[in-house]
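Below is a short tutorial exchange on reading ligand, metal and strand features from a set of atoms.

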Amino acid sequence: MTNDNVLLAIDKLNVHYRQFQALYDVSVKIKKGSIVSIIGSNGAGKSTLLNTILGINRPTSGSVTFMDQRIDGLPTNRIAAKGLSMSPEGSRVFPNLTVKENLLMGAYIPQARKNKEAMLEKAYDLFPVLKEKSKQEANYLSGGQRQMLAIARAIMAGPKILFCDEISLGLAPVVIKDIYKKIQEINDEGITIVLIEQDVKRSLKYSDYSYVILKGNIVMEGKSSELPVEEVTDAYFGENKYAIY
Ligand SMILES: Nc1ncnc2c1ncn2[C@@H]1O[C@H](COP(=O)(O)OP(=O)(O)OP(=O)(O)O)[C@@H](O)[C@H]1O
Ligand SMILES: [Mg+2]
């Protein structure tokens with residue numbers, strides 16, 4: 001991989017919550033235009049990694065480089081303004097705002113604010129149901145619709161890279177399929193995607209490259225099409241394959 005192709009490089013990242021170490025020397029490279037998945041079970045450190053990239057957590061050591069510039073240590077709004085956007089875990093939206101108001105909240109960075117009407121149309125094109133429900137409070141959306149809103153809101157910022165934290169959680173298989181199709185459409189428009197997933201098969205199916213994270217360590221990585229599901233599953237569970245966490 002030449003450096004030109006690397007959009008985001010995470011190098012030897014260590015993250016602590018007080019005394020507890022959540023990430024150990026985590027190194028990840030995200031190629032421009034690709035879909036990369038980070039696979040891991042509950043508590044593996046997936047959200048910690050995303051939150052550290054986005055400046056919500058501070059690393060103890062290591063670096064995050066986006067388009068050849070260090071971004072670790074920058075405030076979250078500066079990082080967002082560079083083109084990093086996230087659909088947060090639990091499809092968090094503003095429940096008492098309408099669908100449209102939620103979407104407009106996504107266009108808060110200066111360059112997106114100028115284009116917000118065009119971005120809104122784009123979001124509605126991608127998820128027509130959000131146009132139908134534009135005047136309804138987000139509270140009343142179904143789980144799948146709320147997830148679509150969370151993704152669409154993240155897109156409203158006009159990102160170069162979109163982080164999706166467990167977008168399939170609690171949704172019916174048919175809805176998950178639909179949402180992943182949209183993710184591919186978003187990627188086709190040139191937006192690099194990072195998927196956080198617990199489902200091994202789904203992660204491998206929808207990504208170009210995968211990393212497996214276990215207790216804060218990257219324990220496996222490779223091209224998704226070349227990683228055997230069995231081996232990834234073993235790596236995902238570590239030695240205590242049948243232990244209950
Ligand atoms: N704010 C915090 N303070 C202390 N410990 C935390 C905090 N946030 C996360 N942790 C711990 O860090 C570890 C990694 O948590 P993280 O939320 O990154 O996991 P995850 O892979 O996203 O899990 P899940 O799939 O359940 O969302 C866990 O052991 C968790 O208990
Ligand atoms: Mg998480």
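The dialogue takes up the ligand shell, the metal site, the sheet and one buried residue.

Q: Before starting, what kind of model is this?
A: The model is a predicted one.

Q: How many residues surround ligand 1, and which are the closest?
A: A shell is read by listing the residues with a heavy atom within 4 Å of the molecule. Here 14 residues surround ligand 1, and the closest are Asn42, Gly43, Lys46, Thr48 and Glu166. By class, the shell is made up of 4 nonpolar, 7 polar and 3 charged residues.

Q: Which elements each supply at least two residues of that shell?
A: Strand β2 (20-31) and helix α1 (46-53) each do so. The most comes from α1, which gives 3 residues.

Q: Which polar atoms of the protein lie at short N or O distances from ligand 1, and how much of the ligand is buried?
A: Pairs of N or O atoms count as polar contacts within 3.5 Å. For Gly43, a backbone N or O atom is 2.8 Å from an oxygen atom of ligand 1. For Ser47, a backbone N or O atom is 2.9 Å from an oxygen atom of the ligand. A polar side-chain atom of Tyr17 is 3.4 Å from a nitrogen atom of ligand 1. Ligand 1 taken alone exposes 640 Å², of which the protein buries 62%.

Q: Which are the protein donors of the magnesium ion?
A: A metal site is read from its donor atoms and their distances. The magnesium ion, ligand 2, has the protein donors Ser47 (OG) and Glu89 (OE), at 2.0 to 2.2 Å. Ser47 belongs to helix α1 and Glu89 to the loop between β6 (84-87) and α3 (99-105), so this pair ties together parts 42 residues apart in sequence.

Q: Is Glu89 buried, partly exposed or exposed?
A: Glu89 counts as partly exposed because its relative accessibility is 30%, and that class lies between 20% and 50%.

Q: What is the strand order in the open sheet, and which strands are at the edges?
A: A sheet is read by following which strand pairs with which. This open sheet of 4 strands runs β2-β1-β4-β5, with antiparallel pairing. Its edge strands are β2 and β5 (69-70), each of which pairs on one side only. Strand β4 (residues 61-66) pairs with β5 in the antiparallel sense over 2 bridges. Thr65 has Arg70 in β5 as its bridge partner.

Q: Is Val26 buried or exposed, and how far is Val26 from Asn217?
A: Val26, in strand β2, counts as buried because its relative accessibility is 0%. Val26 and Asn217 are 191 residues apart in sequence, while their C-alpha atoms are 6.3 Å apart in space.

Methods
Residues are numbered from 1 along each chain as its sequence is written. Chains are lettered from A and ligands numbered from 1 in the order in which they are written. This is a predicted model: local features need pLDDT of at least 70, side-chain atom pairs count only at pLDDT 80 or more; totals for chains, interfaces and linings use all residues. Side-chain values use heavy atoms; hydrogens and water are left out. A polar contact is a pair of N or O atoms within 3.5 Å; within protein, one must be able to donate a hydrogen and the other to accept it, and residues adjacent in sequence count only if both atoms are side-chain atoms. Accessible areas come from the Shrake-Rupley method with a 1.4 Å probe; for residues, only the protein chains shown count as cover. Ala, Val, Leu, Ile, Met, Phe, Trp, Tyr, Cys and Pro count as nonpolar, Asp, Glu, Lys and Arg as charged, and the others, Gly among them, as polar. Donors are N, O and S atoms within 2.8 Å of the metal (3.2 Å for Na, K and Ca); water is not among the atoms, so sites may look incomplete. Buried means under 20% relative accessible area, exposed over 50%, partly exposed in between (1.4 Å probe, protein chains only). Two strands pair if DSSP finds at least two bridges between them.
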